[in-house]
Amino acid sequence: MKLLKIGISGVRGIVGETIIPELVMDFACAFGTYLDSKKVLVGRDTRISGPMLHEATLSALVSTGCTVLDLGICPTPIIQYMVKHFKAKGAVSITAGHNDLKWNALTFINQDGTYLNMFQGEEVLDIYHLGKFTKASVDHLGKIELIDDYLNFYFKKLRNFLNAEAIKKAKFKVVIDPCNGAGAKIIDVFSQQMGFELIAVNNEPNGYFPHDPEPRPRNAQEVASVLKVVNADVGFLLNSDASRISFVAENGETLSEEFTLPLIAKYYLDKNPGIVVTNHSSSRMIEEVARGKNCPLVKVKVGQSYSIQSLINEDGVMAGEGSGGIAIPEFQSAFDGFLTMGLILEIMAVRKKKVSELVDELPRYHIIKEKIYCPPTKIHSVVNEAKNIYADRPVDTSDGIKIEDKDGWIHVRTSATEPMIRVIAEDRSKEKARERVEEVMNFISVLVK
Amino acid sequence: MKRATSLRISVSGVRGVVGESLTPQLASKFAQAFGTYLGRGSVIVGQDSRKSGTMVKKAVISGLLSVGCQPVEIGISPIPSIQVLAKESRSIGAIAVTASHNPKEWNGLKFITKEGLYLNYHQVDEFLDIYHQGEFSLVDVEKYKTPQFKEDSTEPHMTKLMSYFNVGLIGQKKFRVAIDCTNGAGAVLAPRYLKELGCEPVLLNCVPDGSFAHHPEPLPENIIGLCRTVVENRADVGFVQDADADRLAVVNEKGEPLGEELTLALASKYILSQNPGSVVINLSTSRAIDDIAKEFNVPVIRTKIGEINVVEHILSQEEKPAIGGEGNGGVILQDIHPCRDSFAAMGLILEYMAESGKTISELQDGIPRYYMIKDKIQGTQEKAYSIIRQLRKKYAGQGEISLLDGLKILFTDYWVHIRPSNTEPVIRLIIEAKSRDAAEKTVEFWRKEMSEAAKWK
């Protein structure tokens, strides 16, 4: 089985199997045709397959007559921010986010700097399937312009948005692990602009990931041990395109990425009350925090594209997922790891509290996440089948199946990026959460065979 | 009549029209096939100055990376410099993004082995089989290489040129040389090369931006600008390169174009005067070379049309030939590299001028005069062979007949060569006679003979 996932905001697969130059070119040609030969930004994370996809994308885009501003290695949120600055018609980010090295993907971004929505995505896919791409003649080929001085611009804008003075005064010591991804070295500029002392680990943009580029506790051991040695105030982990983060408290506790959203919401909603958007798999912590601030909570399917679309449609004040991605439209409607780290530093500085104290203020839940391989041919029917465990209880089917009760919930859904079924449960007690997951895993492990 | 297609896949590589047939997808697939054919290793990627070069090059790099090769990007470079670099470096081959002398809408790929040679017929067969079968050795991410960049890609070529020529002798003469690079790849090396030979270059169309100031083929009608530059600047000689700098045409000090056939004739005459040996040329090259060879009592070896055929014959001779080439201005000097090389041709002509103390027009006078006409009629390969079959019967015994490549008949005062083109649906008719008048009359006669023969069946 060759793995290829075509979604509304891009295409993802395994390099050498499905991700080959022709496929990348066909998609980039479709996107260039969709953009009507206008200006487009291209950036990538540090994966070793990155240059293959990058060169294929540039070649294809100029062949459709698009002018390309090439940002080189660049975190997705910064590409998204620069789209508006350069008044581009769209952008391509070459990154597979938290997936391991053998994966890569193209993510398509519209002129507002957000992932393509359903309608835009379907239009690109129609062009792709039709295979009728714009072919510019030699005098109308696009040009490629290398852009290299955008970081200071972005970080100045970020500094203006945050309470930079408070952060600077606090003289924080911060450990950051960008996992040798797109955030590598760029965190140096971040620290200079924000005025904190940076202790970096895995800060080489060489594309070799020392651990899975997913910000979660099991990957945070390195940050936690360095943090204790240097007595840092906080530690952060980034995914490979710096869109999502998890953090480590000053006492060395590696916190679930689920804490990122409620921690920020608790602070940000005070000043900016309004609608909050999250997905069905995110922790109940955000429900309690939003309720406490009298802010409505809207739940959508898992995926940045859905969250951001809802954020825009509902005119919300923030969106976030339990996986550690936060978007604040007042800055930009995109999951932005630098904004997220900056806000956490601001909270620590303004409220003059340690990270562990801030975390203690949050309602404690325990979340257990499991996944199991399932052949793509029967993945949806297996998920549906799992309903039978809860014969007589109300089931929410807006994204897989979700069953809630007063102590917690269980969510069973198909992964958007891999042929996997994800089983996520939350409960006030860790054992109970574990039991909820095991009940489902035992049931479906027979079905997936 | 079949419409001429805008994609040509032949022994000299792939050529297509950008915006029609030459897409990123096509270029990348050919690069994947070439990488699969070579095996994993570093592959040089060079380009001429065409505006579509970046688009095609990036597609090639992407294709090479996907099959585990390490692309070494060298930017705009003359094709002989790419060939020398392929041989001198540790690469396993090279791809040149060029459409040679085709108009600017075209681009293409030429495939070069680690010996710095184009693929020969057998290699092309193997390579195209891989392309057509479409089974490329795509590699996992662990085997991916990082693309590299290399500056000074012309250095190995330059070193060879400088050590071959008598720079001191040429330098003494302080020649003023008008050079027209057609805004092609030659522009990155020609001005510096001439300066290092001690000449004073007068530059024309020396910006390698692909805006071909005239048709990028060094034919007399395309080089009026150079002729004027020679006169206005009182230059000793004028040179014009084609877009990828393998061919050269010459303008004398009076501003008269010599005709591309004279380039190899002048170079051969000089080489043989210094170092007698055989001369390897293709069937369509001027008889002037035979006359010159006779003067020095050396043999002439004729080959099929196609640079690789000449090169293979040069390399397979037991005794090293003195020189080889094609009448279209392609001079091959094995001591520098067995490939057509406009820089080697310039060096030979400048050294000839310096050594003899004569002007170009005086040297031109020493070359037997012939007049060549290259004509073509529409027709498929099949029709060409039918015509050739008829004419061969009709002219049996009337001249010296060669069937090496189409039909060539050598008469006492002229020769005729009829063959199907490798790249277009046309039949080529080439005539060389002693005067323009005779040549024109002969062409008329043979056009009639061909249309008569076509009717027979």
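## Two chains, seen through a sheet and a contact

An open sheet in chain B of this predicted model has 7 strands with mixed pairing, in the order β1-β2-β6-β5-β3-β4-β7.

Reader: Which strands are the edge strands of that sheet in chain B?

Author: Good place to start! An edge strand pairs on one side only. In the order of the sheet, β1 is written at one end and β7 at the other. The edge strands are therefore β1 (7-10) and β7 (148-149) of chain B, by the two-bridge rule for pairing.

Reader: How many bridges join β1(B) to β2 of chain B?

Author: Strand β2 covers residues 13-17 of chain B, and β1(B) and β2 run antiparallel. One position to look for is L7(B), which stands opposite G16(B) in β2(B). The number of bridges that join the two strands is 4.

Reader: Which strands of chain B does helix α2 of chain B lie across?

Author: Find residues 53-66 of chain B, which form this helix. Its direction is at about 170 degrees to β3(B). The strands it lies across are β3 (42-47), β4 (70-76), β5 (93-97) and β6 (106-113) of chain B.

Reader: How far apart do the C-alpha centres of domain 1 and domain 3 of chain B lie?

Author: First, place the domains: the assignment gives domain 1 as 7-151, domain 2 as 156-365 and domain 3 as 371-456 in chain B. Between the C-alpha centres of domain 1 and domain 3 of chain B, the distance is 36 Å.

Reader: And how far apart are the centres of domain 1 and domain 3 in chain A?

Author: Chain A is divided into domain 1 (4-148), domain 2 (153-360) and domain 3 (366-447). The C-alpha centres of domain 1 and domain 3 of chain A are separated by 34 Å.

Reader: Why does chain A count as being as compact as a globular protein of its length?

Author: Chain A has 15 helices and 19 strands. For its 449 residues the globule rule gives 22 Å, and chain A comes close to that, so it is as compact as a globular protein of that length. Its radius of gyration is 21 Å.

Reader: Which element gives the largest share of the side of chain A that touches chain B?

Author: The contact takes 26 residues from chain A and 28 residues from chain B. On the chain A side, α1 (21-34) and α2 (50-63) each supply at least two residues. The largest share, 9 residues, comes from α2(A).

Reader: How many residues on that side of chain A are nonpolar?

Author: Sorting that side by class gives 5 polar and 5 charged residues. The nonpolar residues there number 16.

Conventions: Residues are numbered from 1 along each chain as its sequence is written. Chains are lettered from A and ligands numbered from 1 in the order in which they are written. This is a predicted model: local features need pLDDT of at least 70, side-chain atom pairs count only at pLDDT 80 or more; totals for chains, interfaces and linings use all residues. Domain bounds come from an automatic or database domain assignment. Two residues are in contact if their C-beta atoms, placed from the backbone, lie within 7 Å. Ala, Val, Leu, Ile, Met, Phe, Trp, Tyr, Cys and Pro count as nonpolar, Asp, Glu, Lys and Arg as charged, and the others, Gly among them, as polar. Axes are lines fitted to C-alpha atoms, for helices over the stretch in contact, and angles run from 0 to 180 degrees between N-to-C directions. The radius of gyration is taken over C-alpha atoms; the globule rule is 2.2 Å times the number of residues to the power 0.38.
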